[in-house]
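This report concerns aromatic side chains and strand pairing in a single protein model. The sequence and structure appear below.

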Amino acid sequence: MVILTLNCGSSSAKYQVYDWTNKDVLCVGIVERIGLEYSTIEQKSAGKETYEAKFSSPTHKEAIELVLKMLVDEKYGCIGSLSEIGAVGHRVLHGGEMFKKSTLVTDKVVEDLKKIIPLGPLHMPANIMGIEAARKLMPDVPQAIVMDTAWHQTMPEESYMYAVPYEWYTKYNVRRYGFHGTSHLYCAKRAAVLLGKENKDTNIIILHIGNGASACAVKNGVCIDTSMGLTPLEGLVMGTRSGDIDPAIIPYICANTGLSVQEMDTYLNKKSGLVGLCGMSDRRDVHDAADKGNEMAKLCIKMEGHRIKKYIGAYAALLGKVDAIVFTAGVGEMGDHIRKASCEGLEGLGIELDLEKNKLSHCRNAETVISKDTSPVKIFVIPTDEELVMTEDAYALMNGTYDVHTNFHYTFEDPSYVNKARARGLEANLRKTPELSRIIATPPKKG
């Protein structure tokens, strides 16, 4: 039996097929430019050529129709029949106050998700379209939703409430929700394994840094605070999002420029962050420009590191004792310059970065440790695996064995867990960079 996971964005649909029996990834793919003049698909099935094509996809329905067709394609596919799909897991941005853990999809669930659209107007409509399309095309297959906000439901009131009129919370659900939850969950569980500790005994700070970025404070194995808020706009400096700003900037700029509320929202979400400062949102471009002397690019790196340091310090104060710092997501996994800017100077907190190890850690197929051997706080780079969390939740929901993460055991919590696809990729990485082997993180031996 296989599990299909779908992550539908406003104009894209990422997907993965996972062989539950053999615990291995069979296929990954993405459809982009949905709703535009033409759409594109890229699919890679294990042991086969990559399939790339352009096609017409006015809505997510046509996109998912093609995905299902290609999964069983004789040349490029990964399964013999759609009947092999036992469940589908959907990533959903926002669960609001309604959905505090993953759940099976019903007609009522879909209607309730539509009520939450105002909390995530950029992402939720696409998430829902993907769910509806998949249900129509596979009506007999159990389908599950996995919310980005669910992991953060353990935050106490003093963390998730804002100091604004209380009726904004009671009437309009204004509170901190947090995002990147599936990534934070995966990394928290894996960090506990690498530390050789039980989840309930683990205090860590997770830094999920991609185009969007968020920090998460994990105390005794659960989230107690996170940087993103009502929406994914709050917190760290991001590719196109401002992160934390003085709220008074908004009416000040609107008064001086005539920008509408909607236009201001667009500026803060799509024209701020790194792209607003230096015109580039990709950290690789920013890094290259900084190396060539671009002063604004240099400032961007300093600002991003400065903001991350502030959150590390704040969360260290909340946790009292920190076992590990975890970097994850595209930039966190590959951007050694951002990790360096974030950790240098934190020796007083017991965080000691090894510059040579940090430079060497440039691989998405291995969990690495980049702290000095003498560092009281470990610094890990853990490639995230949100799809695996979605897969396991969907499978457990289908079988009636699912529960909130504090009462549920994921396969990747076992010290012996191996991601087979990444293990194959790591072999190639080690042939190219043998010295990578000395920074690979492994669970401590018991006894």
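A charge is taken to sit over a ring if NZ of Lys or CZ of Arg is within 6 Å of the ring centre and within 35 degrees of the ring normal. In this predicted model, the charged end of lysine 271 sits over the ring of tyrosine 267, at 4.7 Å from its centre. Arginine 33 lies over the face of tyrosine 38, 4.1 Å from the ring centre.

**Aromatic pairs**

A search of the whole structure yields 10 aromatic pairs. One of them joins tyrosine 51 and tyrosine 76, whose planes stand at 50° and whose ring centres are 4.9 Å apart, so the pair is tilted. This pair links distant parts of the chain, 25 residues apart: tyrosine 51 belongs to strand 5 (residues 51-55), whereas tyrosine 76 lies in the loop between helix 1 (60-71) and strand 6 (85-92). The rings of tyrosine 160 and tyrosine 169 likewise form a tilted pair, because their planes are at 45°, with the centres 6.4 Å apart. Ring pairs also connect Tyr186, Tyr402, Phe408, Tyr410 and Phe412 into a cluster.

The table gives the relative accessible area of the residues in the two tilted pairs described above, together with that of a tryptophan discussed below.

| Residue | Relative accessible area | Class |
|---|---|---|
| Tyrosine 51 | 18% | buried |
| Tyrosine 76 | 17% | buried |
| Tyrosine 160 | 13% | buried |
| Tyrosine 169 | 16% | buried |
| Tryptophan 168 | 39% | partly exposed |

Buried means under 20% relative accessible area; tyrosine 51 therefore counts as buried at 18%.

**A nonpolar surface patch**

Which residues form a nonpolar patch on the surface with Trp168? The other members are Val164 and Tyr172, and together the three have about 300 Å² of accessible area. Tryptophan 168 lies in helix 5, which spans residues 166-172. Its relative accessible area of 39% is why tryptophan 168 is classed as partly exposed.

**An open sheet of six strands**

Six strands make up an open sheet with mixed pairing, in the order 11-10-9-12-14-13. Strand 11 (222-226) and strand 13 (368-369) stand at the edges. Each has a single partner strand, so one side of each is left without a neighbour in the sheet. Within the sheet order, strand 10 is listed between strands 11 and 9. Strand 9 (residues 204-209) pairs with strand 10 (residues 213-219) in the antiparallel sense, over six bridges. Isoleucine 206 stands opposite cysteine 216 of strand 10.

Notes
Residues numbered from 1 in each chain as written. Predicted model: local features only at pLDDT ≥ 70, side-chain atom pairs only at ≥ 80, totals over all residues. Heavy atoms only, no water. Patch = residues over 30% accessible without salt bridge, like charges linked within 9 Å, V, L, I, M, F, W, Y side chains within 5 Å. Areas by Shrake-Rupley, 256 points an atom, 1.4 Å probe, with all protein chains shown as cover. Salt bridge = Lys/Arg side-chain N within 4 Å of Asp/Glu carboxyl O. Helix = DSSP H or I, 4+ residues; strand = E, 2+ residues; numbered from the N terminus. Buried < 20%, exposed > 50% of the residue type's maximum accessible area, 1.4 Å probe, protein only. Phe/Tyr/Trp six-rings, centres within 6.5 Å; stacked < 30°, edge-to-face > 60°. Pairing = 2+ DSSP bridges.
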